[in-house]
Amino acid sequence: MLSKLFARFYDYWMRRSEKKYFSQKRKKITDLSGKIMELGCGTGVNFLYYSPKTHILALEPSSHMAKRARATIRSDQDIVVEELTLEQAQSHGIVEEWTYDAVVCTLVMCSVPEYEKTLEKMMKVLRKWGKLFIVEHIKSQSPIIAFLQNIFTPIQRVIADGCHLNRATDSFVHTLSLKCIEEEYFWTYKTYYYWLFQK
Ligand SMILES: C[S@@+](CC[C@H](N)C(=O)[O-])C[C@H]1O[C@@H](n2cnc3c(N)ncnc32)[C@H](O)[C@@H]1O
């Protein structure tokens, strides 16, 4: 029930931050080419930015989100939405290792059960020179904000379908041996992170 409501109100809830922060980052998706996989596509917000002839496999385990995402696909786009996690897609043989030119992941690492393992799996599906596009909210570098993030995470997990406010995704990403193309911390107290890297 809550996941249905989350999907129903997600775009409305995000509309201001989308306009002020995220849309500028998402626009850079247009530069990605080749075979692309998107993890946790949600309502399909990023679909707006994929070029017409690019093949995209979008994974989205929530059927409520997937239904909305499918409804946003334009007739000139080649996007397939599968209601699966990356692990499930791999075990069904839908996703193979070393096959993607780019992996897109925006605001998802906060929701997956084990984000470190998921990031490692995402690395493995990328080809050599493949690109990883990430936008995530992260544990703040301000001790006060980080403390508040710890306090509010249990509530956020319930109202936002498993979302954690306090994950240090950026720190883990920095341990992966990848070439950084662009990196930016944004929003108040650096609570958001955008990163584009190449294998
Ligand atoms: C906060 S939404 C973000 C949606 C979209 N990527 C965006 O940028 O607005 C997080 C999404 O991750 C999905 N998700 C949660 N666990 C996942 C998993 N293990 N694999 C793939 N997607 C997952 C959720 O169903 C949800 O749609």
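**Exercise 1. The sheet**

In what order do the 7 strands of the open sheet lie, and which pairing do they show?

*Solution.* Keep in mind that this is a predicted model.
- Step 1: Read across the open sheet, and the order is S3-S2-S1-S4-S5-S7-S6, with mixed pairing.
- Step 2: Look for the edges. S3 and strand S6 (179-186) each pair on one side only, which is what marks them as the edge strands.
- Step 3: Check the turn between neighbours. On average, neighbouring strands of this sheet are turned by 15° against each other, direction ignored.

**Exercise 2. From S2 to S3**

Describe how strand S2 is joined to S3, and find the hand of the crossover between them.

*Solution.*
- Step 1: S2 (residues 55-59) and S3 run parallel, joined by 5 bridges. As a reminder, strands of a sheet pair through backbone hydrogen bonds, either parallel or antiparallel.
- Step 2: For a landmark, find His55, which stands opposite Asp78 in S3.
- Step 3: Follow the chain from S2 through helix H2 (residues 63-71) to S3; this β-α-β crossover is right-handed.
- Step 4: Now sort the residues of S3 (residues 78-82) by face. Ile79 and Val81 make up the covered face, while Asp78, Val80 and Glu82 lie on the uncovered one.

**Exercise 3. Glu136 and its surroundings**

Is Glu136 buried or exposed?

*Solution.*
- Step 1: Locate the residue: Glu136 is in strand S5 (residues 126-137).
- Step 2: Count the neighbours. Glu136 has 20 other C-beta atoms within 10 Å, and the cut-off for buried is 20 or more, so Glu136 is buried.
- Step 3: List the contacts. Leaving aside neighbours within four places in sequence, Glu136 touches Leu107, Met109, Cys110, Thr169 and Tyr193.
- Step 4: Compare sequence and space. Asp170 is 34 residues from Glu136 in sequence, and the C-alpha atoms of the two are 8.3 Å apart.
- Step 5: Step back to the strand pair. S5 pairs with strand S4 (residues 100-106) in the parallel sense over 6 bridges, and Thr106 stands opposite Val135 in S5.

**Exercise 4. Helix H5**

What span should the 17 residues of helix H5 have, and how far apart are its end C-alpha atoms?

*Solution.*
- Step 1: At 1.5 Å a residue, the 17 residues of H5 (residues 143-159) should span 24 Å.
- Step 2: The end C-alpha atoms of H5 are 24 Å apart, so the two values agree.
- Step 3: Look along the helix for a bend. H5 has a kink of about 45° at Phe152, shortly before the proline Pro154.
- Step 4: Finish just past the helix, where Asp161 follows H5 with a positive phi, near 55°.

Notes:
Residues are numbered from 1 along each chain as its sequence is written. This is a predicted model: local features need pLDDT of at least 70, side-chain atom pairs count only at pLDDT 80 or more; totals for chains, interfaces and linings use all residues. Helices (H or I, at least four residues) and strands (E, at least two) are DSSP runs, numbered from the N terminus. A residue is buried if 20 or more other C-beta atoms lie within 10 Å of its own, exposed if 12 or fewer, and partly exposed in between; C-beta atoms are placed from the backbone. Two residues are in contact if their C-beta atoms, placed from the backbone, lie within 7 Å. Two strands pair if DSSP finds at least two bridges between them. A crossover is right-handed if, with the strands pointing away from the viewer, the path from the first strand over the helix to the second runs clockwise. The expected span of a helix is 1.5 Å times one less than its number of residues. The bend at a residue is the angle between axes fitted to the seven residues ending there and the seven starting there. Axes are lines fitted to C-alpha atoms, for helices over the stretch in contact, and angles run from 0 to 180 degrees between N-to-C directions.
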